[in-house]
Amino acid sequence: MYCKNCGKEIEDGKEYCADCEPKTETVVEETPAPEVEVNTESTTQNTTTNTNTTTNTSAELKSKMAAGLLGIFLGQFGVHNFYLGYTKKAVIQVSVSAAGYLLSFCTFGISCLAPVGISIWGLIEGIMILTGSIDKDGNGNPLKE
């Protein structure tokens, strides 16, 4: 079994590891004034005065295997980075690949180097994810096995 909060391997029957059990995050809601908005979906601890208290147990962890395979097979389109939440990098990968393919049709294949380079980039990132060199998603959450 794995910890619901950080993804570390734990004993069967437990929900959290020893590090996370006392640290379950408490999100505090304040009854706002009419001109104030309160974001109750925040993953950081809210320290304002409260009337209602809820406990946020964990965020949904992304799969290391899924991200790695997406990087290996669809890396040139940035699919693995979209999956992990690295949207800016993913948009760059898909844009450069698309531009390279469009230019290669216009130049009869001469400028196909951009999609090849992005493919190699995606392949390397996929391998890095599977080997554990990249072990966090775009929000800083650990990847689950």
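**Helix α3 and the residue Q76**

Me: What does helix α3 reach from its first C-alpha to its last?

Reply: Helix α3 covers residues 87–106 and has 20 residues; helices here are DSSP runs of H or I with at least four residues, numbered from the N terminus. The expected span, 1.5 Å times one less than the number of residues, is 28 Å, and the helix comes close to that with 29 Å.

Me: On what basis are these values given, and what pLDDT do local features need?

Reply: Residues are numbered from 1 along each chain as its sequence is written, and side-chain values use heavy atoms, with hydrogens and water left out. The model is predicted; totals for chains, interfaces and linings use all residues, side-chain atom pairs count only at pLDDT 80 or more, and local features need pLDDT of at least 70.

Me: Which residues of α3 are buried?

Reply: Buried means under 20% relative accessible area and exposed over 50%, with partly exposed in between (1.4 Å probe, protein chains only). The buried residues of α3 are A90, Q93, S97, G100 and S104. They lie on the same side of α3 because they cover an arc of only 105 degrees around the axis, taken from the directions from the helix axis to the C-beta atoms. The face turned away from this buried side carries the exposed residues K88, L102 and C106, whereas the buried set is A90, Q93, S97, G100 and S104.

Me: With which side chain does the side chain of Q76 make a polar contact?

Reply: Q76 lies in the loop between α1 (64–74) and α2, and is buried at a relative accessible area of 14%. A polar contact is a pair of N or O atoms within 3.5 Å; within protein, one must be able to donate a hydrogen and the other to accept it, and residues adjacent in sequence count only if both atoms are side-chain atoms. At 3.0 Å, the partner is the side chain of S119.

Conventions
Helices (H or I, at least four residues) and strands (E, at least two) are DSSP runs, numbered from the N terminus.
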